[in-house]
Amino acid sequence: MLARTLVHKLPTGARAFSSTCARNAAEVKRLGVVGAGQMGLGIALVAATKAGVPITLVDTSQKSLDKGLAFADKLLNKDIAKQRITQDEADAARALLQPTTTLDDLHSVDFVIEAVPEIPQLKFDIFSKLAEICPKHAILATNTSSISITRIAASTTKDSNDTSNSSRVVSTHFMNPVPVQKGVEIISGLQTSQETLDTAVEFCKKLGKIPSVSKDSPGFLANRILMPYINEAIICLETGVGDRDSIDAIMKNGTNVPMGPLQLADFIGLDTCLAIMKVLYEETGDSKYRPSVHLRNMVDAGWLGKKSGKGFYDYQ
């Protein structure tokens, strides 16, 4: 029966969710997104087009907001050209995106998703402020791809015995590009409540996503598997086992993936790949996660992939 609870066997510390979890999920009438970069803008745009909720889009840089909204217009126009949506639907979605440079404007959201760079202290500082600014019922979510949710949750309170703020923290790790990729990881910290988890799962479903639940462990699921794969491909290039085209071609043509690991690294951003590998290496102490020297050198050179115009491939 469809209404029957589906029990999933998960690692210790992870929670299972069922088809009945909507009973515990709170309604999300307004979303906040912190960070107007590629990920934040993508999340905001999907929320506007799929869930139809108003979004307060926050970034400290007006330039970043302008760039993000221009990108949103480009994506909406592309969907109109391909007859995926009408002009009226595009206009309605665009009107739901409300940009601001002030974090205080998140005072009325029901759910907020932080999507800033993978810098631990930056995220800790933001969540400390969100706990004070957002309503006490609001879910505080992070899009982190590697940083401990438990640590982020701990930044919302000065008293570890007071879980009124930390219990509202969860990770909704969207995949890039957000409008295209269906998967999203839902990660609970030690403090995360069941209602918070259920609300996150149900809201992601309303965004047209397919949620997977992971425990709070370095790299979670997606990057615990993906990043060592990319890192090993870079080591193969670095040590001369194969050239760029051969490495990407064998994985595309031999394993039926849409793009090879080096091209994928360019699309993710080499700085992001390095940051995640550092977290995996430092938090596990396992040498198999040691970042490639060549990856470090490329990041030092400013060759970050598609976003900088040069990575393993040229994008000028």
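## Q38 and the recorded binding site

Q38 is found in helix 1, which covers residues 38-51. This model is predicted. Q38 has a relative accessible area of 48%, so the residue counts as partly exposed.

An unreviewed UniProt entry lists Q38 under "binding site". The same listing holds G35, A36, G37, M39 and G40. It also holds D59, E118, K123, S145, N176 and K307.

## D59, another listed position

Where does D59 sit? Its place is in the loop between strand 2 (55-58) and helix 2. Is D59 buried or exposed? D59 counts as buried because its relative accessibility is 13%, and buried means under 20%. D59 is also among the "binding site" positions in the unreviewed UniProt entry.

## A positive patch

Helix 2 spans residues 62-81, and K78 lies in this helix. K78 has 45% relative accessibility, so K78 counts as partly exposed.

Which residues gather with K78 in a patch of positive charge? They are K74, K82 and K306. The patch is on the surface.

## The C-terminal domain

The unreviewed UniProt entry also gives a domain, "3-hydroxyacyl-CoA dehydrogenase C-terminal". The record places this domain at residues 219-315.

How much of the span 219-315 is helix, and how much is strand? Helix makes up 62% of the span, and strand makes up 0%. The end C-alpha atoms of residues 219-315 lie 28 Å apart.

How values were computed
Residues are numbered from 1 along each chain as its sequence is written. This is a predicted model: local features need pLDDT of at least 70, side-chain atom pairs count only at pLDDT 80 or more; totals for chains, interfaces and linings use all residues. Side-chain values use heavy atoms; hydrogens and water are left out. Patches are made of residues with over 30% relative accessible area and no salt bridge: like charges are joined within 9 Å, nonpolar side chains (Val, Leu, Ile, Met, Phe, Trp, Tyr) within 5 Å. Accessible areas come from the Shrake-Rupley method with a 1.4 Å probe; for residues, only the protein chains shown count as cover. A salt bridge is a side-chain nitrogen of Lys or Arg within 4 Å of a carboxyl oxygen of Asp or Glu. Lys and Arg count as positive and Asp and Glu as negative; His and the chain ends are not counted. The place of a charge is taken as NZ of Lys, CZ of Arg, CG of Asp or CD of Glu. Helices (H or I, at least four residues) and strands (E, at least two) are DSSP runs, numbered from the N terminus. Buried means under 20% relative accessible area, exposed over 50%, partly exposed in between (1.4 Å probe, protein chains only). UniProt positions are given in the numbering used here, feature names are shortened, and annotations may be inferred rather than shown by experiment.
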